[in-house]
Amino acid sequence: MEKEETLRLEAYLKEKINPGIRLVARSQTDDSVEVYLGAEFIAVVYKDVDEGETSYQFQMTVLKEDLQ
């Protein structure tokens, strides 16, 4: 994703979810960014362009072990 696009998405997620969220570019691909809350990795956001429409998918995996 472009830097400006990442910054706009980060601002949106900070407003909607948590002000401590930050997005980090992934070196191996340009269609997604990593999501951190503080120092902890929590998710990946994927960019999807289909028939001229752009959307972003927030994918967070929660392990059963983390639910203690």
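**Exercise 1. Nonpolar surface patch**

Identify which residues make the nonpolar surface patch in this predicted model, and classify Met60 by its accessibility.

*Solution.*
Step 1. The patch is formed by Ile17, Phe58, Met60, Val62 and Leu67, and its area is about 500 Å².
Step 2. Met60 is located in the segment that follows strand E4 (53–59).
Step 3. The relative accessible area of Met60 is 46%. The class "partly exposed" covers the range between 20% and 50%, so Met60 is partly exposed.

**Exercise 2. A salt bridge in helix H1**

Determine how many salt bridges the model contains, and describe the one between Arg8 and Glu4.

*Solution.*
Step 1. The count is two salt bridges.
Step 2. In one of them, the side chains of Arg8 and Glu4 meet with an N to O distance of 3.3 Å, which satisfies the cut-off of within 4 Å.
Step 3. Both residues belong to helix H1 (residues 3–16), where they are four residues apart, about one turn of the helix.
Step 4. Glu4 and Arg8 are both exposed.

**Exercise 3. A salt bridge between a strand and a helix**

Explain what the salt bridge between Lys47 and Glu5 ties together, and state whether each partner is buried or partly exposed.

*Solution.*
Step 1. The side chains of Lys47 and Glu5 form a salt bridge at 3.1 Å, N to O.
Step 2. Because Lys47 lies in strand E3 (residues 40–50) and Glu5 in helix H1, the pair ties together parts that are 42 residues apart in sequence.
Step 3. Lys47 has 30% relative accessibility and therefore counts as partly exposed.
Step 4. Glu5 has 9% relative accessibility; buried means under 20%, so Glu5 counts as buried.

Terms used:
Residues are numbered from 1 along each chain as its sequence is written. This is a predicted model: local features need pLDDT of at least 70, side-chain atom pairs count only at pLDDT 80 or more; totals for chains, interfaces and linings use all residues. Side-chain values use heavy atoms; hydrogens and water are left out. Helices (H or I, at least four residues) and strands (E, at least two) are DSSP runs, numbered from the N terminus. Buried means under 20% relative accessible area, exposed over 50%, partly exposed in between (1.4 Å probe, protein chains only). Patches are made of residues with over 30% relative accessible area and no salt bridge: like charges are joined within 9 Å, nonpolar side chains (Val, Leu, Ile, Met, Phe, Trp, Tyr) within 5 Å. Accessible areas come from the Shrake-Rupley method with a 1.4 Å probe; for residues, only the protein chains shown count as cover.
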